[in-house]
Structure formats: structure tokens, C-alpha cells
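Please examine the structure shown below and follow the account of its sheets, its domains and its enclosed space.

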Amino acid sequence: MSAAAGDARQSVSGSGAAEPRPGEKPQPRPEERSGPRPGEKSQARPGEKSEPRSGERYEGKVSVGMAVGQEARAEGAAGREVSSGASAAPPGAVEPPVRGVLATLAHDRWVHVMLGLLVLLAAGSYVLPLVADLDYARQSSAVLQGPSASHWFGTDEFGRDNAVRVLVGARSSLQVAFGAALFAMVAGVVIGLVAGYFRGPADAVAMRVLDVLLALPEVVLALVIIAVLGNSGLNLVIAIGVAFVPVFARVTRAGVLALREQDFVVASRAMGARSPDTMARTVLPNVLGPIVVQFVITAAVAVVVSAALGFLGLGPEPPTPSWGAMMQTAKSYLYQNPWYGVAPGIALIVTVLCLDRLGARVRIALGVEHSGAGRGGRR
Amino acid sequence: MSLRSAVPVLGGAPDPCDGPGSPAPLLSIEDLRVAFGGGDQAVAAVRGVSYEVYPGETLGVVGESGSGKSVTVMAALGLLTTATAATVTGRVLFEGQDLLAMSAPQRRRVLGRDIAMVFQDPVSALNPVQRIGDQIAEMIRLHEPGVSRGDARRRAVALLEMVGVPHPGVRARQYPHEFSGGMCQRAVIALAIANRPKVLIADEPTTAVDVSVQAQLLEVLRTAARETGAATVLISHDMGVVAEMADRVCVMYGGRVVETGPLARVFGHPRHPYTEGLLACIPRLGDPVARLTPIPGQPPTPYLLGKGCAFAPRCAHRSGREVCLGERPELVVVDGEGRGGVAAACHFLAEREVPGLRQAPPAAAASASASASAASAVVSSPAASAVSSSDSAVSSPAAGGEGREGGGALLEVRELSKEYPMRSGLLGRRTGAVRAVRGLSLVVRPGETVGLVGESGCGKSTTARLLMRLEEPTSGSVVFDGEEVTGASAGRLRELRRRMAMVFQDPKASLNPQLSVGANVAEPLRLAGGWSRPARRERVAELFDQVGLARHHLERRPSELSGGQRQRVAIARALALRPKLVIMDEPVSALDVSVQAQVLNLLADLKAELGLAYLFVSHDLSVVRHVSDRVAVMYLGRIVELAGRDDIFERPRHPYTQALLRSVPSAEVEVARRGRRAPLQGDPPSPLNPPEGCSFRSRCPLAEEACGREVPLLRVHDGLPGEVACHLAGAGGTGAAGGPAALSAGAGW
Amino acid sequence: MIGFVLRRLAQLVPVVVMAALAVWALVYALPGDPAAVLGGVNASDQEIEAIRQRLGLDRPVWEQFATWLGHVVRGDMGTSITSGHSVTSLLATAIPATVQLAVLAMIVVVLVAVPLGTVVALAPRSWPGRLVKGYLSLSLATPPFWLGLLLILLFSVRWKLMPASSRYVAFFDDPAGALQNSLLPALALGVYSGGVLARFVASSLAEAMQSDYVRTARSKGASEVRVVVRHAARNSMLPSLTVGALQLGSLIGGAVVMEVLFNYPGVGKLMFTSVNGRDYASLQGSIMFITVVFLLLSLVVDLLYAVLDPRIRLR
């Protein structure tokens, strides 16, 4: 819900890094920015020293050691060099190649566990009711019973099996969450890429509009949008998705801004590339890392937001179960069946935990710094 | 030894070359080992390092990146960042006590009081939210709790004054961001000497600054050491800096000391093949050679080191012998004892003592003979000057005809300017402008190399970008190959950009990390159109051969290659469309010296083979001298001197050029020992607000009132070769004579 | 300083106007006559005509917006159709309740975030560090309303210590009563947001501990406590502060679900009832409030930054 704003809407790398601090006017110091100084040499050195630890590979070295080094990095930049003057990677630090990241993830047993659980949940919610005799709408006279062998999580006010309803409730949660994250990602990345690459007044206007959107907590925003559009599955996706568009736009834009001045982007222009070519082939693949991380984290928060909206009575129509709605009803029967609301909550926690940890592992594999600054540097 | 007398600055210190019987070392590191990570994945960054520092001396520790020189001291002082799981073993004895075995509170009493550090990056080494004076005062009060706050502050101001910070009273109340890089480093030095430490450890103290500031800082360091009587450990990758400062040196490679001994003996007569190679591969300002002698291969990475000698894979002397790979050579004393002794770690030291087998480069041989006849090591060694003059005679035919008019221009730049507007306030009103490039004119002819040198902030890189219109010039024109670049349509511009090419400073940053290096090289071909896939593949393979990369590297990612290999890839990419002009923006600055030489040789070969013209932008004068036919010296957005290579370096006429040349440290002991005095004071002025008239006026030792009235034009004076922008250049009638001559006297190579 | 504040306030104006525009356009985005929308289904023709007059619906669109904005600036946000009261009076009672809840929650946030974040930053590998890290992951996955549900279950249903449905009792009138009513929702909100903030505290402090100036401080021979307190903490406070202040904003806005859960009469509850009752005038009012609070907080953050960080000059 709302406070979840904290993580997904502020979290990923350097969203503020490339931007001037409040009150600080961007000072055009061209040589500082683009020109080589003797000092940069020194910056480059420690970086090379730290090669085995910073997740860079060298002459086909196998990546077993990498994970360790990168774990350390996630612990707060431990992977940075030990020696003199070794500061962090430059703001525009570039993603490691995708191939290496996938290999790292494929060897990560936490990724196996998290992905496994999520796949299990998704498959269970869609497939299990088809193959086994599980009907979330089947009513019985045994209402509001506690957990038992036949009803693991007890029954609801219509005597329906809560375990089945929790399982099937995963459908709406996952659909809405991934739909919203996808919507936000596509819209946000396009806005961020164009705004960051071309800058100018359009960029300023777009960022101002997004600031206003960002000012509203996502539950509030979703409430308003649904109040306007009406309650339907697709509208729910849009309503939640819109709240996350600014985050994706900011993450993308920050990455693009940092990359714009990177030599390999300048080199692409120097080779006579057109802007769309540079954006699609050179810039986009290199900002993808934080975006992917943001996608996973956004999905996690969107699960919570969709449950919050369900709790407020906005969600799938009644016979279809949703975790939020179950918790809302549970509040009315606290005295009759205290366990009623516990089960959907646990399902929710497990799902969010999996997504969140998955996001963390992807972030580690990509070497994206978890920026403490968050939105701090905006405007 | 007479060397000492040539270095009056260090006069107060006891002679370090006394040989046996000298006092006990102040700080000695014994068999220090540092490993990062644990278990099977442990990476040994330092693999058994021992060295010691004696009272009053300066020990220079040299090595390339990855040699472990910095990690060694950080580990010795317990300053390795805690989050890194590092295992440190060995002993670090200070006045007989082992720092590593001490309790933390005990060690804290030594740190800052007896042993103090000067760090590489001074700006980040200072706490950004604490006033400079308070940071120094904290250092004092930590070790002398009795000192009052006010007294500590007053002492801080005195210290700042001592290290040459102007207006120390005001500056002490400022924050680090209000200091320039050079001033920050002075503050850090003031901080370090606050408690009159017995050992001062400076870790690459001048790497982050320009040469003119470097010269000032080294002088400050010398003063600081002299005033406090501290022994100094100077860690640097720069042979010139070490040659200038150190009494004894310690050469590190692959986490070990490979050679150690008194400076003149080690640099004059290197025993270890690595030391020898390192000295041979650096381009020398005073002693240009037609071709550098690079060390083949790449610097080692700690986790790829085997059991044997770390240098074995690159060693010219090994000639395939197995023992080098299988067995670690110990550091053995070859000559002399104790402090004066030379020790080296090579299996074949004895062999190398046979004169016939040594392949000393002429420079090293010359200086070796010079130092052997110790008496000659005074201000102008006849041997050294003989060598340099004969060399310049050799290289002058190549430079013949340069600097003369004539021949169609490949690139013609006229009155090029670039301003970056400064905006402020609510409406972004324009309140001023950073004038990065101010009316620059330059011609590059087919097949020639024009060097563009200057300190950071002088606009040289901006110029490089303006030429390809990667940034829009504010005014002026650029004509390339008969066609106007400024004012070309977007389509024409893309077409033009394909006929010139650019190589950037950091190859790690200039290659698209998501593409294989082969694909990176193929990018310009793809963008140009008209190249089928097989044609591209064939061309890329051809380019790989040309720049000396193996074809099996084609599918690698840039991150899988080393720095030197990456720069080769970047060069291959630049050559893909057979350009006539390649703009090089500091192409070797990010590389280790041993690799630098390889790339410079490659550039020379390619130029000869393909008839390329280069515009070579660099801050490194020695490199520029090595590669250029003509040289333009920039200061604050303007060219102040433009002349043939030898004219600029042998007979500099602009006071700035002269000062710049004097600022460069030299790895040749005699030259270095002449006691380079910082020829320029202060930092370069801000391009936001350059001085009226001649921009160099504010730092020029010869400036007269008239200099402020008018901007000096770049023009020929008195029919001498080259063009100078100085009101005083023609005054003495002979340019280099007269006033400026006084300055250049010390620079007579 | 004052000039800086005024300038920043001036910079906020266009953003507030834009937000107002969005809020105003909300009613127009709905199908049907805006006057009918605002009047609700049961409004009489006269009532609708009165609204139409008030909003100037016969005039050009921009003039309509200006008129509406003029009303809002003068404190007239229309009439709530569900309660019949003016929106301004509804907000006047709801805002103090929400602010009190948010402040209490913020106290919880700080109490949770600072110690936990510090432990993780300074000893990430020790067992307390690992434990806290585990807890933070879990807390981040636990939605506050579910936590609230558990708290009700324990404190209200099981132990009967607190009411399951809270009233608003002003803290300064009756501290005990206020705590009894607001503590559970504040706890549920604060524990969650505290977890979020703790992560930022941890990462920024850990980053500061890796910095060169901390190494310099160590090389001076400063004790570890001094290094952390004098050097690392002050620098790492800056980013955490931003996140913390913005958390406060999201607490105020995001208390919707919590207020509904505890039936607490704040702005969130008001918003919820107005969405359900299609009471668009109240909805507009509550959104304006939330937006303005958020923007003001970002101004406060900027000011604090300028005070704490000498690199930022007040211009």
C-alpha cells in the first residue's frame, strides 16, 4: 500500500545521481565533464585493480568468484577497491554484458528458490483448480470455521474453503501486479528515454508533470483513476500502473543522462549514427539493468497496492477471490474466525518477499547500486 | 655522494647512502601479505612485501596498477576498508612495535601522531561537511587533548600557511568544495604534518593534478618533510616523480618487490628485467627516440598469478625457461649492504650482470655511465646532453619541412569558439559564460600529426569535440577535406563524420559494453551502409590483424579485455572506414606506462602504413613530443604557441610553454636531481572569468602592465619558425633569448 | 535564507497550479455534465443550476478553471454531497486527525529506522546484522494493513487493550486517550515505513563508511565511535533525510487504507468515503491537501539540505 511508495517508487540506482542537487545550479564545466584530466587516469587505475571483485571478467575467468565479490558490493559498496582514491564507479557506470548477468543469475540458488516459489504459486492458482476438485465458489454450511484437516485455512462466511480461495486469489494479484508493472515500464521507459536523450523544454515539462504524479501516493492515485474510469480489471492495471510511470521515467532518464556523455555514446554519434539508432542500440541496452530491477520491485509493490485496493473494495467482482477483499471481510469476523485474515496475508507476504529478493539478486548480478539518495536529488 | 650536493633541498637529512652501520629503520614492513576474499576464491593482492624506511630519507615505491603498492600501506596501517574481507599477515614494525599485533587503541595513538598519510584524491579525502581548519584542528586535538580549541585552530592556520595556502585565516574556515584540487592536497599535507609525524606516507599524492600544480605540490611535500624531519614513503606510478623525490626506491610488480636500492643505482643500472623495461618504455621529454621499447603483454591481475615470477610472461630475458614459471625468485642483495645495497628478485641476476647480455636502452646506458662517473652528476652532465643533442639531430630530418606553409590542408579550423552559457535564477537568465575555446585557428595537413597540449580546463578536449561537431561551436568554422563541417546539414555531417574518426581516452568507456568487440569494430561499417555481413566480417578481421589483436578475441566483450587491448579495439574501430584524419583525445592517458608504449608504437606504425593524419590531444608533454610533427600549446581556450615539434621542445618561446616544460618530472636521475622548482604558482584561472588581455598574465613571471591591455595574437615573430602569442616574444629580438631565456635555462635538455 | 524560501515557494506555484488543474479536470473527465457530477444523483435541478452558476460552466474552459481556482484559494471547495457540509469544514476536522496519526507514525519510523539501519551498516556480517537484514526483508513484504489487522486481533480482540475502531482524540487534550486511539494505526504504519527507511539509512551510512574521508579520519587515529558519529553519520544523514521526509508525505497520503481499517476519521477516510459516495467535491479537496503537503515537504527537505550541506548554497 501507500507507504510502499518508499521502496518501489524511490529505490533504484542513481535516480538522483545524474541530477543537480536542490539549490545547486548545474555548472557547465565542460572540461570537467568531458575532457580528460590527469586525474581521471587515477580514477581509472583503482578500477582496474579491483577487476576480480567488481564483477568484471578477464580473459574468460569463470564466474564463480564473481557472485561473492558482488554480494560484497551489495553490502554497501564493499566490492569497491581498497586502495587509494578508489571511489565509486562513475555515475554513468555501464552495465555488464547481459550474457554474464544471466549466467550469474542461473547459478544463483536464491534465484532458483524465489523463481520456483513464484512459478509454483502461479501454476497452482491456474492449473490446480482444473486438475483437482477445487472450487473457490462452492459454498457449504460450515461457515467461519478455523483451520482443520479438510479446510487448511478454515472457511469463510459462506462456508467456502479459504485455502482454495487464497490459491486462486493469487491470479488476480499476479495479473494486476505484472500488468501494472509492464504498463508503467513501457510508458516510463519511452518517456524517460526521449526526455533524457533530447533534453530541452519537452523534458522539463514531462518531468514536472511526473513530479505531480509522484506527489500522490499510489493508492490515492489509483483510487482517483478508478473513480474516473470505473472499476474493471484493465482499469485496475492502468490505475496502479500510472502511479509507477514516473519512477520508470526517472530511472531511465537518469541512466540516459549519465550515458549521454559517456564516450561510447559520443563515439556512436561520431561514427555518424542517427539519434534513433544511437538510442535504441547504444543507450537503451545500457540502461536496461536498473529498469529490469525496477520492474521486479515494482511488481512486488504492485501486489501490495492491488491488495490494498481490494481491501478498499476495488478489485475483481465478488465470487472471484482476491487477497485484499478477503482481508477486508476478515475484519468483520475477527471474533468468529481470527484465522480468516491470516492466510491471505501470509500468501501476500511470501509473494512479495520472493519478488523483492529476486529484485535484489538481479540488482546484485547487474551491479546496480542501491542508491541511498532515492529521489533525494530530484529537481 | 655528490648527488646529495645537487639536491640542497634535502640538505638537513642524514646521508642515506652511508651503507652499513646506518641507523635502524624507522618503519619496516616484513613479509606483508594481503588476500581478499576467503577460501578458494582468495585473491592475493600483496604477496610477501618487505621494505623499510630510515629516518630522514624518502623511499619511493613505484609500480603499475595492480602491483599492490597502495594496498600494502593501507593494510600495514589497518586502513583497508572494513567491509572488504581481507586477510593481512606479516609484520609492520614501527620503532620496534608491530602495528599489526597492536590493539586498536594502541594503533590509533600511533596513527596520525607518528605516522600520517597523504591520500591520492584530496578532494574526497576531506570531509565535505567539515571546515578545513576544523579537520586539521581535530587531528591536533586527537593526539594532544590538552590543546584548546582555539589554539588548535590557530595552529591549523599556521600549518595552512606553511604549505602555501594563501589567506590561511580565511581558507581555514572554508569547506573542501571551496578549494581547488591542488589546494585540497595542500590542506591534506598540512593535516598530515600537523603532529610532526616521524613517517609521512604519500600515496600517489600528485596523480590527480596537472603538471604545473604537481611541481608545486612536490615542493610542498619536500618542505613538509624537511620542516618536520619526517621520513617519507612516496608511492607513485610516475617514474619521474620518484626520480625527483626519492633517495631509495622500491619497484613493485604483481604484489611483490622486484627490485630495491638507492635511486641512482636502481634507475641508473636496473638489475631486474621489469625495472629495465619500465625505464625503457617511457617516452622521454629530453631524450626523444624514434621508437619506444615496450614491455610486451599486459600488466598482471592478482588472481591470474601463478607460483613463479609474476613478470615471467612478459619478460624478454626469460627465453622460455621453466624455472621462472615454477619457482618464485627471492629478493637477493646483489650489490652493497643495508641501506645502500641493491636487491633484486630474478633467477638470472648473475647472467644479467654480464655486460654483453644486457640490452640496455641508450638512455638507461647513458645515465648509468653518468652515475658511474659520480662526479659528473652535477647540473649539466656532458654525457647526457651529448646523447640528447645527437638524438635530436637524428630526429630532425623527420621533422623537416614541418611548420612551413604549403600543401593542401586536410583540416582547417578558423576562429573556433565555444561558450557554455551559465544560467541562474528562476527564469534561467544568462549570467555569464564559460569560455572554453576562444578563437582557435589550426591547420592539419594530410599525413601529419599535430599535438594539442595543455592542462585540464584549457579547452583541448572541447576543441576535439567541436571539430566533429559533437558539440556545436559558438562561432568559427571547421573545414575538413574541402568541405565545411560547421553548417553542414545533418545528413552531410553524418557523411563527414565517417571520413574522420575519433579515439577516446578511456577505452573502457568508449566501447559499447553490450556488444562484442568485433561488433563494436563493425559498428561504423553497419552505420555507413553498403557493407554486407560477410564483407563486414572480413574487414573487421583485417582490422584486428592491423592493430595486433588476435582473431579469437572477436567475440569477447570489452570487459573481458585488458585496457591496452581495448584501446586497440577502439583504434580498429576508428580505422574501419579508412578515415584520413583521426582525432585522438588522450588516447594513452588511461593506460599503464608499459602498455602506453605499445599503443604509441602501434599509432606510429599505422600512420606510416596508412598515411593517416592525427590530431593528438594530450596533457602529457613527453607523449606529445614523441608522436607529433607540430605542436600547439593551449592555455585557457587559446593557442599560445604553435610550432614544429623540435622548435617547441628545444626552443620554447612562450613563457607558458617554457614553464610547462620545466614542470615535467623526468625519470633521468640527473635531470630530476637538478631540483625542479615549481616554475608556476597558483592554479589556472577559471575559464568563466579569464584575465583581460593575455590570459597567462596572472601566472606569468614576465608579465608587464601592457600584457593586460591587449590580447596577444598568435603570429610569427622576427622570422623565427613557429608562431607565438606573447607580447614579449619579439622584444628581445631573438625570441628565446632575452627575458624568457632566463626561464628556459633550466630546461636545456 | 528568506529569499531562498520565497524563491522556492514561488517555484512551487506552477506545480501547485498544475496539480490543481489535474484535480479540476478530474470532474470534467467523468462522463456527463460536471455540475450533475458534482451535485450527485439526488441533486435537484436548482442545485445543479446553482453549481453551474458558481463554476461558470457557460463560460470558456480556462475561465472556468480560473473561477474554480479562485474559489479554492478563498477556501471554498464546494459542498460534500454525502454529508451536506462544506468540503472546507470536513477537511478542517480530518486534517488534524491525519497529521496527528502521521506524526506518531513518524516517531515510530525514526525509532525503527535509525537503530536498525545503523546495525546493518556497521556490522552487515555479524549475526545481529544478518538478523536485522532478514527482518527488514520481511517487514518490507508485510503490508501495513495486514499488520494492522494482526494488531487489532491481538490488542483489541485478544487482550482488549485498545479499541478496534479508533476515534480522533487530540493529543494535547488527552494524551492517554490519543495514544489509545492512534497508537495501533501509527504502529502499523510506522513499522512498515521504518523498514523502508532503515534500508536507506543502512545503505547511505555504509557508503559513507567506505568513503575516503572516513579513511582519512581513521588515519588520524580517531576512534571508531568518533569516525561514525563525527564523520560518517553527518554525511550519510543527507540522503536518509530526504527519504525520511518523503516517507512522512507518503504516510499522510497513504494512511487511507489504515484509516479505513481502523475507521479513523482522517483525510484518507474522507477520501475513501467520497470515492464510494461519488462525492467529487470532497475528493478534489482531499487530493489537493495531499498534494500540497507533499510539495511543502519537498521544500522542507531542500531547506534542510541547504542547512546541513555546506556545498549547497542558498541563493
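In this predicted model, Arg33(B) stands opposite Arg47(B), a residue of S2(B). The pair belongs to a junction in which strand S1 (residues 27–36) of chain B and S2(B) run antiparallel and are joined by eight bridges. Both strands are part of an open sheet of four, with the order S2-S1-S4-S5 (chain B) and antiparallel pairing. At its edges stand strand S2 (43–53) and strand S5 (97–98) of chain B; each has a single partner strand, so one side of each is left without a neighbour in the sheet. Helix H2 (residues 69–76) of chain B lies across S1, S2 and strand S4 (86–94) of chain B, and runs at about 105° to S1(B).

Chain B also holds an open sheet of eight strands, in which the pairing is mixed and the order is S18-S19-S20-S15-S21-S22-S24-S23. Here the edge positions belong to strand S18 (500–503) and strand S23 (715–716) of chain B, each of which pairs on one side only. Within the sheet, strand S15 (residues 449–453) and strand S20 (residues 613–618) of chain B run parallel and are connected by five bridges. In S20(B), Ser618(B) is the bridge partner of Val453(B). Helix H26 (residues 655–663) of chain B packs on this sheet, where it touches strand S21 (630–635) and strand S22 (638–644) of chain B. The direction of H26(B) makes about 100° with that of S21(B).

Attention now turns to enclosed space. The largest cavity contains about 580 Å³. Its lining comprises 32 residues, and those closest to the centre are Asp238(B), Asp620(B), Ser622(B), Val664(B) and Pro665(B). Two chains supply the elements that give two or more residues to this lining: helix H3 (38–49) of chain A, and helix H9 (211–228), helix H10 (239–245), helix H23 (593–610) and helix H24 (621–627) of chain B. H24(B) provides the largest share, three residues. By character, the lining residues divide into 14 nonpolar, 12 polar and six charged.

Chain C can be described through its domains. The domain assignment gives domain 1 (15–73) and domain 2 (95–308) of this chain. Their C-alpha centres lie 36 Å apart. The contact between them takes 12 residues from domain 1 of chain C and nine residues from domain 2 of chain C.

Key. Residues numbered from 1 in each chain as written. Chains lettered and ligands numbered in written order. Predicted model: local features only at pLDDT ≥ 70, side-chain atom pairs only at ≥ 80, totals over all residues. Heavy atoms only, no water. 1 Å grid on protein atoms, 1.4 Å probe; cavity = no way out; pocket = protein on both sides within 12 Å on 5 of 7 lines; lining within 4 Å. Points joined across faces, edges and corners; volume = space filled by probe spheres on them. Nonpolar A, V, L, I, M, F, W, Y, C, P; charged D, E, K, R; others polar. Pairing = 2+ DSSP bridges. Contact = heavy atoms within 4.5 Å. Axes fitted to C-alpha atoms, helices over the stretch in contact; angles between N-to-C directions. Domains from an automatic or database assignment.
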